[in-house]
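This note sets out what a reader may take from the model of two chains shown below. The points are numbered and may be read in order.

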2 protein chains.
Amino acid sequence: MATNDAVAVGLVEGVLKSWQMGVDRGAKLFGRSGDEELEREIAPGKNRLIYIYGHLVAIHDSLYPTLRLGTRLHPDWDELFLKGADRTVSLPPAAEVREAWNVVHERLRVGMAGLSAEEWLERHALVSEEDFAKEPHRNRLAVLLSRSGHLAYHLGQVVLVK
Amino acid sequence: MATNDAVAVGLVEGVLKSWQMGVDRGAKLFGRSGDEELEREIAPGKNRLIYIYGHLVAIHDSLYPTLRLGTRLHPDWDELFLKGADRTVSLPPAAEVREAWNVVHERLRVGMAGLSAEEWLERHALVSEEDFAKEPHRNRLAVLLSRSGHLAYHLGQVVLVK
C-alpha cells in the first residue's frame with residue numbers, strides 16, 4: 001500500500017476537517033450556554049445539557065486510547081457521564097467540564113494529525129488482531145466516523161434548548 | 001494521483017459504510033413509527049417526526065445532483081420540508097414519504113458506489129470551478145460527510161420520541 005498517495009491523504013484531510021467542524025460547533029454551542037442554561041433538559045424528563053457536555057468529553061477522551069494514541073485523561077468520567085444516567089450521580093462543576101472539553105479535543109487533534117492515511121486503516125483498540133484479520137473495516141477510520149456521528153446526534157439534541 | 005491506491009479505496013469504503021449505517025439506522029427508526037407516531041413532536045413546539053422524515057428525504061434527494069450524479073427526483077419537496085417550516089404547508093401522506101426514502105437512498109447508494117476515490121476529491125456542484133481551484137476541500141467527500149452529520153443530528157432528535 002502506498003502511504004503517500006495524494007488521494008488517500010486528501011481523503012483523510014477531509015475526514016479530519018469534518019470531525020473538527022463538529023467539535024468546533026459543539027464548543028460554540030456549549031460555550032454560549034451559561035452555567036444555568038447547562039442545567040436545562042433537552043426535552044421534558046430527558047438529559048440536561050451539562051450531562052451531554054460531559055458525556056461527549058468522556059467519549060472523546062476514550063477515543064484517544066481507542067485510536068491507540070495513548071492513555072486517557074479522565075477514566076473516572078465514564079462512571080459519571082456514561083454508566084450513570086443523568087441525575088443519579090453528582091457531576092463535576094461546569095468549569096471543570098469546559099476545561100476538560102478544551103484539553104481533550106486539542107490533544108486528540110494533535111494525536112490524530114500524526115496518523116498517516118495507512119494508519120487510519122489499521123485496527124482500533126476495541127478489536128483483537130484475530131478479529132481484525134477477518135473484519136478489516138473495524139479500523140481507526142470507522143471509529144472516528146462513528147464518534148463524529150455520535151457528536152452530531154447529541155448536538156441535534158442540544159440545539160433544542162436554544 | 002493514483003486512483004487505484006488500496007489505501008484510498010479503503011478510506012472511501014469506510015466513509016460509504018458509515019453513511020449507509022446512518023441511513024439504515026434512520027430507516028429502522030422511522031420504519032418503527034406508525035403514521036400516528038409520525039405526527040408527534042420531538043419536543044414541545046418543535047418539528048414533528050413526519051417533517052424530519054421528509055426533510056431528510058429532500059436533503060438526500062438533492063445530494064444526488066450536488067454530487068453531480070444526475071437530476072433529483074423531488075425538487076418540489078424543498079418547498080415542503082426545507083423552506084416551509086413544519087405546520088405551515090400540507091405534507092404528502094406518510095406512505096409517500098416512506099416510499100421516497102427507499103427510492104432516494106437506493107439510488108444514492110448505487111450512484112455513490114460508482115465514484116472512484118479520486119472522484120470523491122473532485123468539486124461538488126455547489127462550488128464553481130474557479131472557487132474550487134482556490135478551495136479544493138469543497139469536494140464531494142466534504143458534502144457527504146456533512147450530510148452524514150446532518151442525518152445523525154436529526155436522528156438524535158427523533159429518538160426523543162421513542
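1. Buried area is the accessible area, found with a 1.4 Å probe, that two parts lose on being put together, summed over both. By this definition, about 2,600 Å² is buried between chain A and chain B, and carbon and sulfur atoms give 75% of that area.

2. The basis of the values should be stated early. This is a predicted model, in which local features need pLDDT of at least 70 and side-chain atom pairs count only at pLDDT 80 or more, whereas totals for chains, interfaces and linings use all residues. Residues are numbered from 1 along each chain as its sequence is written, chains are lettered from A and ligands numbered from 1 in the order in which they are written, and side-chain values use heavy atoms, with hydrogens and water left out.

3. How is chain A related to chain B? A turn of 180° with a shift of 0.0 Å along the axis lays chain A on chain B with an RMSD of 0.0 Å, the copies being superposed by least squares on the C-alpha atoms of residues with pLDDT of at least 70 in both. This is the relation of a two-fold axis. Both copies use the same surface, since 100% of the contact residues of chain A recur in chain B; contact here means heavy atoms within 4.5 Å.

4. Chain A and chain B each bring 34 residues to the contact. On the side of chain A that touches chain B, the elements giving two or more residues are α1 (6-31), α5 (117-120) and α7 (140-158). Helices are DSSP runs (H or I, at least four residues), numbered from the N terminus. The most comes from α1(A), with 11 residues.

5. The residues on this side of chain A comprise 21 nonpolar, seven polar and six charged. Ala, Val, Leu, Ile, Met, Phe, Trp, Tyr, Cys and Pro count as nonpolar, Asp, Glu, Lys and Arg as charged, and the others, Gly among them, as polar.

6. Across the interface of chain A and chain B, the rule finds zero salt bridges (a side-chain nitrogen of Lys or Arg within 4 Å of a carboxyl oxygen of Asp or Glu).

7. Most residues other than glycine have a negative phi. A:R68, not a glycine, has a positive phi of about 60°, and A:R68 is found in the loop between α2 (49-66) and α3 (77-83) of chain A.
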